[in-house]
Amino acid sequence: MKILVCIKHVPDMESRFKVDPAGTWVDERDLAFRLNEYDEFAVEQAVRLKEQLGGAADITILSIGPGRVVEAIKKGLAMGGDRGVHIQDDLPQQKDPWQVASLIAAFAADKHFDLVFTGMMSQDRGSAQVGVLLAELLGYACATTLVTFELEGDLVTARRELEGGLRGIVRFKLPAVVSCQLGLNTPRYPTLPNIMKARQKELLSVPVADLPAVASLVTVAGIHPPARKGQGLLLEGEVNELADKLVAILKEKTTVLR
């Protein structure tokens, strides 16, 4: 079985973000980056499937971006991937989900992958569109927001997380693209021996110019920080005194007690 896992290197959500001078993305200088959280579930599920198949699977870890994304690819390899693919693109933030999916589809078109895992969405852009667009371009079955995954032969049975706390059960045949939601599994921590082995695994670099380019369908007009909200009010004193102060504030500044 041939498995492709698509991952993204995203800014750490604990970083302090600033809008870049162009006003269309964040200023990436001084930001820390990490493997997208949802993609960790995708890598883990691929590795678990390989273990279930007794090792009879080959896992390719693919990422698009500048040189720093190799760090994320190597983490995927240390978790259990077999080979990495780096599509070299110095300005991936300028591509919309359609363009990203088209690049992956162009690379994968003649590779005959049986199964493609993606994260449900990236933590930076949050579009949740690349997986479904990729499935359409490849002509594969598709299921999103998976919280369980079972494979028997070429038949997948999975549970999807729906709105309102509901779960949907879907069944489909390979080849397929699936996107992974929080709770699907618990990603493993790469061990030191596996981190060392990852350095020796195959890593193919593909210049983005070598793949067909398509026009964007969505253009970012601008981004900006959220509007600042009112400051909090800290009350100090004894319990009875605090209660009186709170009631007075609620009467004066809100309609809760009116």
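Helices (at least four residues) and strands (at least two) are DSSP runs, numbered from the N terminus. On that basis the protein has six helices and eleven strands. The model is a predicted one. Its C-alpha atoms fill a box of roughly 70 × 45 × 40 Å, taken along the principal axes. Of the 258 residues in the protein, 39% are buried.

Begin with the charged pairs. Side chains of opposite charge can pair when their charged atoms come close. The structure holds 14 salt bridges. One of them joins Asp27 and Arg29, with 2.7 Å between the closest N and O atoms. The partners sit in unlike surroundings: Asp27 counts as buried at 17% relative accessibility, whereas Arg29 is exposed at 62%.

A second bridge pairs Arg188 with Glu51, and here the closest N and O atoms are 2.9 Å apart. This pair links distant parts of the chain, 137 residues apart. Arg188 is in the loop between S10 and helix H5 (192-198), while Glu51 is in helix H1 (residues 37-52). Arg188 counts as partly exposed, at 27% relative accessibility.

A third bridge runs between Arg83 and Asp58, whose closest N and O atoms are 2.7 Å apart. Arg83 lies in strand S5 (residues 83-88) and Asp58 in strand S4 (residues 58-65), so the bridge ties together parts that are 25 residues apart in sequence. Arg83 is partly exposed, with a relative accessible area of 27%. Asp58 is partly exposed too, at 23%. Elsewhere, salt bridges that share partners build one network from Glu44, Arg48, Glu51 and Arg188. Glu51 and Arg188 are the pair already met above, bridged at 2.9 Å.

Next come the rings. A search of the whole structure finds one aromatic pair. Charges also sit over rings. The charged end of Arg68 is placed over the ring of Phe33, 3.8 Å from its centre. Lys2 lies over the face of Phe113, at 5.3 Å from the ring centre.

Now the cysteines. How many disulfides does the structure hold? The count is zero. The sulfur distances show why. A disulfide needs two cysteine sulfur atoms within 2.5 Å. The sulfur of Cys6 has its closest cysteine sulfur in Cys180, 11 Å away, which is too far for a bond. For Cys142 the closest cysteine sulfur is also in Cys180, again 11 Å away and too far for a bond. Cys6 is buried, with a relative accessible area of 8%. Cys142 counts as partly exposed, at 34%.

The backbone has some points to check. A cis peptide bond joins Leu174 and Pro175, with omega about 0 degrees. Pro175 lies in the loop between strand S9 (167-173) and S10. Strand S10 covers residues 176-180 and contains Val178. Is Val178 buried or exposed? Val178 is buried, with a relative accessible area of 1%. The C-alpha atoms of Val178 and Ser216 are separated by 24 Å, and the two residues are 38 residues apart along the chain.

Positive phi values turn up in residues other than glycine. Asp30 has phi near 70 degrees. Asp30 is in the loop between strand S2 (9-11) and strand S3 (33-35). Its relative accessible area is 83%, so Asp30 is exposed. His112 has phi near 55 degrees, likewise a positive value in a residue other than glycine. The loop between helix H3 (97-108) and strand S6 (115-119) holds His112. At 60% relative accessibility, His112 counts as exposed.

The tour ends on the surface. Val19, Val220 and Ile223 form a nonpolar patch there, with about 170 Å² of accessible area together. Val220 is placed in the loop between strand S11 (202-207) and helix H6 (239-253). Patch residues need over 30% relative accessible area. Val220 has 33% and is partly exposed.

Key:
Residues are numbered from 1 along each chain as its sequence is written. This is a predicted model: local features need pLDDT of at least 70, side-chain atom pairs count only at pLDDT 80 or more; totals for chains, interfaces and linings use all residues. Side-chain values use heavy atoms; hydrogens and water are left out. Rings of Phe, Tyr and Trp (its six-membered ring) pair if their centres lie within 6.5 Å; planes under 30 degrees apart count as stacked, over 60 as edge-to-face and the rest as tilted. A charge sits over a ring if NZ of Lys or CZ of Arg is within 6 Å of the ring centre and within 35 degrees of the ring normal. Patches are made of residues with over 30% relative accessible area and no salt bridge: like charges are joined within 9 Å, nonpolar side chains (Val, Leu, Ile, Met, Phe, Trp, Tyr) within 5 Å. Accessible areas come from the Shrake-Rupley method with a 1.4 Å probe; for residues, only the protein chains shown count as cover. A salt bridge is a side-chain nitrogen of Lys or Arg within 4 Å of a carboxyl oxygen of Asp or Glu. Buried means under 20% relative accessible area, exposed over 50%, partly exposed in between (1.4 Å probe, protein chains only).
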